[in-house]
Amino acid sequence: MASSRKRVVSGMRSTGKLHLGNYVGALQNWVRMQDEYECFFFVADWHALTTDYADTSQIKQNSIEVLLDWLAAGLNPERCTMFVQSHVPQHAEFHLLLSMITPLGWLERVPTYKEQRENIAEKDLGTYGFLGYPVLQAADILIYKGDFVPVGEDQVAHVELTREIARRFNQFYKLKDASVLPEPQALKTQAAKLPGTDGRKMSKSYGNTILLTDPEPVVRQKLKTMVTDPARVRRTDPGNPDVCPVGDLHKIFSDPETNMKVDVGCRTAGIGCIECKNWAADSLVKILNPMQQRRKKYEDDPRQAWRILNEGSERAGREASKTMNKVREAMHMSLDYNAPSSAQGAK
Ligand code: SF4
């Protein structure tokens, strides 16, 4: 049944178990969006290959872990479509067609391209696939005719590139003088700043994460070693929760009452950091516990999770096929037989 809701498309690389940074940065928003929009969420295993192509032994398991964390966080297969990118091969065909029209200069100018090639020095990213990943991203979005793409401030440029690719396609190919691909809008999401245990941005590559699957003792242990306001050397030194990573955690996950206690207690040295960290751990555990219970249901029956992916892929595949039929038709490459216009015979 056609939906009158606006359509949202977004993906997450299949990196394995998700952490609180992934939750706060994207997943939490997705859970909210599934009721307001018609959502297509995919595990981007082909995108994972653009940097991790050398060893694919874990890629399938990593995709499943991501799905389990989505389900744990509250994404519901009745309310949104979840699938694995490579299970809908139409993305690859569309990527190929879009790659034909995308100028090289557009890709070389993508800010993250240069940045990542320099930062990820241990891998050879001088590949065709890595340069072309924004084209794949454009295919992922345009194939569902997405109205919105939820992004943080740093990814707005990617959506802009998708819009440019759509415009270029529409200039070259039309269907009865009409454009084939709608241009999606960036839906800017408010992502709170989430520090990792070392105070830097929470990221798997820094090894400073708290996983959505971490059991309570692990969460408490990680918080124990978390860095604090460096000005608070002794218990009697007053501190400032606004410059303390534990203070940031409180602001995101603790209730107003606890935040008030932290603010006053820290600034007057009325509380110690150990006590403050215990409160932060309490708040995290309160959020993680129900997620972990939900996850367990699917972990105990992994076939059910796989079924959700299969059903999602079928639904996504149907939508992707509709777009690809239009794309092929506009490019005069449809699968239907057309009699050559000059044909005289067949009488
Ligand atoms: S009391 Fe809390 S907010 Fe203040 S420095 Fe210690 S851990 Fe940070």
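**Ligand shell and two helix crossings**

In this predicted model, the shell around the ligand is made up of six nonpolar residues, one polar residue and two charged residues. Four cysteines belong to this shell: Cys 244, Cys 266, Cys 273 and Cys 276. Pro 241 and Val 246 also surround the ligand. So do Thr 228, Asp 229 and Arg 232. The ligand takes up the space of the largest cavity.

Two helix pairs were examined next. Helix H8 spans residues 133-142, and helix H9 spans residues 156-172. Their axes come within 9 Å and cross at roughly 75°. Angles of 65 to 115 degrees count as roughly perpendicular, and H8 and H9 are therefore roughly perpendicular to each other. On the H8 side, the contact involves Tyr 133, Pro 134, Val 135, Gln 137, Ala 138, Ile 141 and Leu 142. These meet His 158, Leu 161, Thr 162, Ile 165 and Ala 166 in H9. The contact of H8 with H9 holds nine nonpolar and three polar residues, with no charged residues.

The second pair joins helix H3 (residues 59-73) and helix H14 (residues 302-330). Here the axes come within 11 Å and cross at roughly 90°. H3 and H14 are therefore also roughly perpendicular to each other. H3 contributes Lys 60, Ile 64, Leu 67, Leu 68 and Leu 71. Their partners in H14 are Ala 305, Trp 306, Ile 308 and Leu 309. By class, the contact of H3 with H14 has eight nonpolar residues, no polar residues and one charged residue.

Notes
Residues are numbered from 1 along each chain as its sequence is written. This is a predicted model: local features need pLDDT of at least 70, side-chain atom pairs count only at pLDDT 80 or more; totals for chains, interfaces and linings use all residues. Side-chain values use heavy atoms; hydrogens and water are left out. A residue is near a molecule or strand if one of its heavy atoms lies within 4 Å of it. On a 1 Å grid over the protein atoms alone, a cavity is a set of points where a 1.4 Å probe fits but cannot get out, and a pocket is an open set with protein on both sides within 12 Å along at least five of seven lines; lining residues have an atom within 4 Å of a point. A molecule sits in a cavity or pocket if more than half of its atoms lie within 2 Å of its grid points. Ala, Val, Leu, Ile, Met, Phe, Trp, Tyr, Cys and Pro count as nonpolar, Asp, Glu, Lys and Arg as charged, and the others, Gly among them, as polar. Axes are lines fitted to C-alpha atoms, for helices over the stretch in contact, and angles run from 0 to 180 degrees between N-to-C directions. Helices (H or I, at least four residues) and strands (E, at least two) are DSSP runs, numbered from the N terminus. Angles under 35 degrees count as roughly parallel, over 145 as roughly antiparallel, 65 to 115 as roughly perpendicular and the rest as oblique. Contact means heavy atoms within 4.5 Å.
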